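Colleague: I am new to this model and would like a close look at a single part, taken slowly. Please begin from one side chain and work outwards.

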Amino acid sequence: MTIIDGKATAAAIRLELKEKVDGLKAVGKDVPGLVTILVGDNAASEVYVKSKIKACSEIGFNSKAEKLSGDISEEKLLALVKKYNDDKTFHGILVQLPLPKHIDEDKVIEAISPAKDVDGFHPISIGNLVIGKDTFVSCTPAGIHELFKRYNIETKGKHVVVVGRSNIVGKPIANIMLQKKDFANSIVTICHSAAKDLSYYTKQADILIAAMGRAEFIKGDMVKDGVVVIDVGINRVEDSSKPRGYSLVGDVAYHEVAPKSSFITPVPGGVGPMTIAMLLQNTYKAFLKINEMN
Ligand code: NDP
């Protein structure tokens with residue numbers, strides 16, 4: 001059994017990007033830039049945005065963090081997005097979700113230029129993914145695909161069972177794995193909460209991708225021997241032995257499932273660290289496209 005080390009893989013990707021940026025700087029070229037837009041005081045969102053900005057500065061990207069008051073009007077937010085669509089310093093625009101209730105999230109996502117949609121949430125990006133065109137793919141599914149590549153995991157003709165159908169994880173990873181491309185070309189099943197007997201499906205999986213948000217839901221008797229397990233879930237469970245009073249666990253009961261698997265991602269340290277690495281990669285890609293360098 002191989003434990004997939006997302007932390008080390010993400011670090012390797014960041015280093016590769018840093019070397020590319022150093023190369024650009026050495027010849028006096030511009031560097032990629034990412035602007036993040038945060039609305040309101042959601043503590044978790046603030047942490048996410050901080051780590052994205054920090055990751056940018058570590059590899060030499062330009063970055064800017066816009067922090068707006070929670071009562072900003074939709075109109076003003078849309079105007080700010082438009083301003084950054086036209087700003088040549090920034091190649092990626094990330095509006096941190098969720099937005100306050102009085103703002104229409106779809107409208108804001110659709111206002112981002114598809115050329116700068118490094119989160120891959122714009123309907124044009126999603127449509128391009130579905131029809132197999134090169135596009136920005138949302139960062140967590142892109143990170144999972146990158147793990148298949150970097151660990152040279154055979155996916156062609158394999159049965160991939162995705163548990164979860166969210167727009168940010170389940171649907172895009174299912175669409176990636178369906179493409180007639182390297183490290184994809186799989187037979188894909190998508191499950192959701194209406195599945196009456198989930199284990200009927202999970203037991204058939206050569207590759208199981210769990211993105212449910214249900215702590216340790218997938219047990220050892222729900223998978224077959226040799227399965228590849230990608231655990232996307234991040235769940236807090238009470239743990240009095242920890243100073244903070246909780247532990248993080250995935251959607252998979254790791255200690256039961258790991259002995260049966262050929263590859264498995266741990267939580268934390270599996271899929272999680274790949275998300276920001278893919279955001280940086282998408283920003284670099286946007287930079288190349290905008291500057292017609294690829
Ligand atoms: P959502 O809550 O949006 O979606 C969960 C999906 O799981 C839904 O489609 C739901 O079905 C399905 N589901 C829930 N319970 C069951 C069940 N008992 N049987 C079958 N299907 C079920 O979650 P997200 O996709 O946003 O996130 C999933 C998990 O991944 C969360 O733990 C989240 O924290 C984590 N995550 C981690 C990221 C990272 O590593 N960087 C990034 C994004 C998410 P239905 O549609 O019918 O409700």
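Which backbone atom lies 3.5 Å from a polar atom of the side chain of His91?

Modeller: That atom is the backbone oxygen of Lys88. Before going on, please keep in mind that this is a predicted model, in which local features need pLDDT of at least 70 and side-chain atom pairs pLDDT 80 or more, while totals use all residues. Residues are numbered from 1 along each chain, and side-chain values use heavy atoms, without hydrogens or water.

His91 sits in the loop that runs between α3 (74-85) and β4, helices and strands being DSSP runs of at least four (H or I) and at least two (E) residues. With a relative accessible area of 3%, His91 is buried (under 20%, with a 1.4 Å probe and protein chains only). Setting aside residues up to four places away in sequence, His91 touches Val31, Pro32 and Gly33, then Ala115, Lys116 and Val118, and finally Thr283, Ala286, Phe287, Ile290 and Asn291 (heavy atoms within 4.5 Å).

Several of these partners lead us to helix α10, which covers residues 272-290. Its 19 residues should span 27 Å at 1.5 Å a residue, and because the C-alpha atoms at its ends are 28 Å apart, the model agrees with that expectation (1.5 Å times one less than the number of residues). Among the buried residues of α10 are Thr283, Ala286 and Phe287, each of which is also touched by His91; Met274, Ile276, Ala277, Met278, Leu279, Leu280, Asn282, Tyr284 and Leu288 are buried in this helix as well. The cover over the buried residues of α10 includes three helices, α1 (6-26), α2 (43-59) and α6 (139-150), together with the strands β2 (33-39) and β4 (92-95). Just after the helix, Glu292 takes a positive phi of about 50°.

Elsewhere along α10, Asp134 comes into view, placed in the loop between α5 (123-130) and α6. Leaving out its neighbours within four places in sequence, Asp134 is in contact with Lys285 and Lys289. The side chain of Asp134 makes a polar contact of 2.9 Å with that of Lys285, and another, of 3.2 Å, joins the side chains of Asp134 and Lys289 (N or O pairs within 3.5 Å, one able to donate a hydrogen and the other to accept it).

The ligand can be added to this picture through Thr275, which has a polar side-chain atom 2.9 Å from a nitrogen atom of the ligand. Two further residues have polar atoms facing ligand oxygen atoms: Ser166 through its side chain, at 2.5 Å, and Ile234 through its backbone, at 3.0 Å.

Key: Buried means under 20% relative accessible area, exposed over 50%, partly exposed in between (1.4 Å probe, protein chains only).
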